[in-house]
Amino acid sequence: MIANLGLQIGLYLIALVAIVKPLGSWMSRVFQGHPTGLDRVLKPIECGLYRLAGVHPDDEMTWKTYCTSLLLLNGLGIVVVYLLLRWQPALPLNPQGFGASSPDLAFNTAVSFTSNTNWQSYGGETTLSYLSQMLALTVQNFLSAATGIAVLLALTRGFIGRSTQSVGNFWVDVTRSTLFVLLPLSSVLAVLLVSQGVLQNFSPYQSVTLLQPTTYDETVSHPDGSTSVSQVPVTTQQLPMGPVASQVAIKQLCTNGGGFFNVNSAHPFENPTPLSNFLQMLAILAIPAALCWTFGDMVGDRRQGWALLAAMFVIFVPLVALVVFAEQAGVPAYDHLGVNQAASDLQSGGNLEGKETRFGIVNSALWAAATTAASNGSVNAMHDSLTPLGGLVPMWLIQLGEVIFGGIGSGLYGMLMFAIVAVFVAGLMVGRTPEYLGKKIEAFEMKMAAAVILIPPVVVLIGTAIAIAGPGLDYMPADVSSEVLPESTTSNTPLAPLERGESALDSTAPTTHLKSNLNNPGAHGYSEVLYAFSSAGNNNGSAFAGLTANEPFYNWALGLAMLIARYGLIVPVLAIAGSLASKKLTPPGAGTLPTHGTLFVVLLVGTVLLVGALTFVPSLALGPIIEHLQMMQ
């Protein structure tokens, strides 16, 4: 079993490392304007787009102009997506006749996809038309990713600039990122996914005859007030169709994560085979990992990029091992019941709840770690069904700030903020002005870096506290719940030991009904809320899935969290880029800390872990940690 685990994880990590240099080198050439081999085809298109938009590619921008352009483009994206979702019934390519999204859901979805979060409070195949999937969501999959790359490029130019006010041209960075990197890669991946059986069509949904017809019970009300139960036969099933492969390719490569289907990459039409699963997992981390090499090449010292990548792997690999072994060990509570968990898995035993047997435990756990290490959010298994320690890993990876690979562009510039803090701490230790890549790190850079690091935890913890305090639980008084809600639990009418005014963690409270939202009581219910705000507050987009979030409070609250987490970080990062660009290059001296060696990697890893641990360990103790201890009893 250990050999099988090592083979699957090792193969993935080797493939990921192997792709870093060639892809990173390609992107470096693109972003520095060097010949790429595609210029003959794509250069005329690029120049045509500039002429059409009235952009002069040689014009340089200050960080404020760069930031203004970015906010204008993204603001326009929010408005366009919102209107498309609200006007959906009147627009073409809607063969199923889906209606308009509610104002709160349209706002949440527009912010989600524009901010590269891709949190979904809806089921795609039952809510959105083909036009909405393509023109609203897929377009933003490209533009939100290109925005993250553009901010990283501006910060990189800040490090290599010498006494200049320029950080580049935002429109050029977005255009080249989309045209020369994202579009070719997603086209190749889409073709590969189609070869594995992923759908790509515009057909209406298909009704097929079931090979094994079944029945379900339907309650019938009679005029005299009595009821009876009748069995209704089911002989057909409706299969969703649509342009799936094209959206899946770009959502994985650009760490978007929003799925065409409600169950995302667990759906056989979106992720049908082990090979498609491997390709999608590789695509999730490919560009974020390769951008480390690109950064090193652009600053003139590739060792800097390898050091940043090494820090990411030092944190990522042990957490992958933890989530895999936690799921492989199974559910502790079953041991007390005498359940033979080894018999539940045809291969090696463990917790298979919420997982697809065609992927198994290892690939499900590996995906959970990869999707939350990156700002991706797609899932091929339900995180809500992970063991407490298994669920802790993806939650904590998100809470670290989405810097262990992280979102495309955003993960690396987030890690660079931690690097600035690390060299500042090191400078204090030795009594020298801290420097990073030849630029002095002074009070302004530290204030901005601190803001970038602290804003997501503030958003997450305050949002969770407000939700747990009442609005996010949507209580129904115990004395009327039994008259309104049925005794059986459904996804919208769960039972939970909660009463108004009592702690969500008090398992001794009298049983009452929750009107909606939380499907689980106690520590796990709290974890679902904490995970939701962690995901929104760090622009990840995945969910524990036990939380009914498609209602006004969560749609507005999580949408606001996504806005703050995305643009509240971008502005100070660009401010740092402008500040660094205006500084002179300081040659390294005898007391300069080398930022490409083992010592700096250890210091950087320690900074990331300490900030993440000190911020979120108390909250994690109330959720997955206490749940694990309860299951051990």
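**A walk through the structure**

Let's begin in the largest pocket, where the lining residues divide into 13 nonpolar, 17 polar and one charged. (Ala, Val, Leu, Ile, Met, Phe, Trp, Tyr, Cys and Pro count as nonpolar, Asp, Glu, Lys and Arg as charged, and the others, Gly among them, as polar.) The model is predicted, so local features need pLDDT of at least 70 and side-chain atom pairs count only at pLDDT 80 or more, while totals for chains, interfaces and linings use all residues. Residues are numbered from 1 along each chain as its sequence is written, and side-chain values use heavy atoms, with hydrogens and water left out.

The space in this largest pocket comes to about 670 Å³. To find its centre, look for Gln-120, Asn-262, Ala-543, Ala-545 and Leu-547, which lie nearest to it among the 31 lining residues. (On a 1 Å grid over the protein atoms alone, a pocket is an open set of points with protein on both sides within 12 Å along at least five of seven lines, a cavity is a set where a 1.4 Å probe fits but cannot get out, and lining residues have an atom within 4 Å of a point.)

Now for the closed spaces. The structure holds three cavities of 30 Å³ or more, and the largest has a volume of about 280 Å³. Helices H14 (410-430), H15 (443-469), H18 (552-581) and H19 (598-632) are the elements that each give two or more residues to the lining of this largest cavity. (Helices, DSSP runs of H or I with at least four residues, and strands, runs of E with at least two, are numbered from the N terminus.) The lining has 27 residues, and Gly-401, Glu-402, Pro-456, Asn-538 and Leu-569 lie nearest the cavity's centre. Twelve residues of this lining are nonpolar, 13 are polar and two are charged.

Glu-402 deserves a second look. Its place is in the loop between helix H13 (388-399) and H14. Why does Glu-402 count as buried? The reason is its relative accessible area of 3%. (Buried means under 20%, exposed over 50%, and partly exposed in between, with a 1.4 Å probe and protein chains only.) The phi of Glu-402 is positive, near 55 degrees, although this residue is not a glycine. Most residues other than glycine have a negative phi. Leu-93, in the loop between helix H3 (63-86) and H4, also has a positive phi near 55 degrees. Leu-93 is partly exposed, because its relative accessible area is 38%.

Just beyond that loop, helix H4 spans residues 103-114 and contains Thr-109. Thr-109 is buried because its relative accessibility is 1%. Which residues does Thr-109 touch, leaving aside its neighbours within four places in sequence? They are Leu-85, Tyr-122 and Leu-137. (Contact means heavy atoms within 4.5 Å.) A polar atom of the Thr-109 side chain also lies 2.8 Å from the backbone oxygen of Leu-105. An α-helix has 3.6 residues a turn, so residues three or four places apart point the same way.

Next, follow the chain to a pair of strands. S1 (residues 206-221) and S2 (residues 227-239) run antiparallel and are joined by twelve bridges. One partnership links Thr-215 with Pro-233 in S2. (Two strands pair if DSSP finds at least two bridges between them.) Five residues separate S1 from S2 in this hairpin, and Gly-225 in the turn has a positive phi of about 95 degrees.

Ser-226 lies in the loop between S1 and S2 and is partly exposed, because its relative accessible area is 32%. Its side chain joins that of Asp-224 in a polar contact of 2.6 Å. (Such a contact is a pair of N or O atoms within 3.5 Å; within protein, one must be able to donate a hydrogen and the other to accept it, and residues adjacent in sequence count only if both atoms are side-chain atoms.) Leaving aside its neighbours within four places in sequence, Ser-226 is in contact with Val-220 and Ser-221.

Our last stop is helix H8 (residues 244-253), where nine of the ten residues are buried. Among them are Val-244, Gln-247, Ile-250 and Lys-251. What covers the buried residues of H8? The cover includes helices H6 (130-160), H7 (170-195), H9 (274-298) and H12 (360-373). After H8 comes Thr-255, with a positive phi near 50 degrees.

Methods: Grid points are joined across faces, edges and corners, and a volume is the space filled by probe spheres set on the points.
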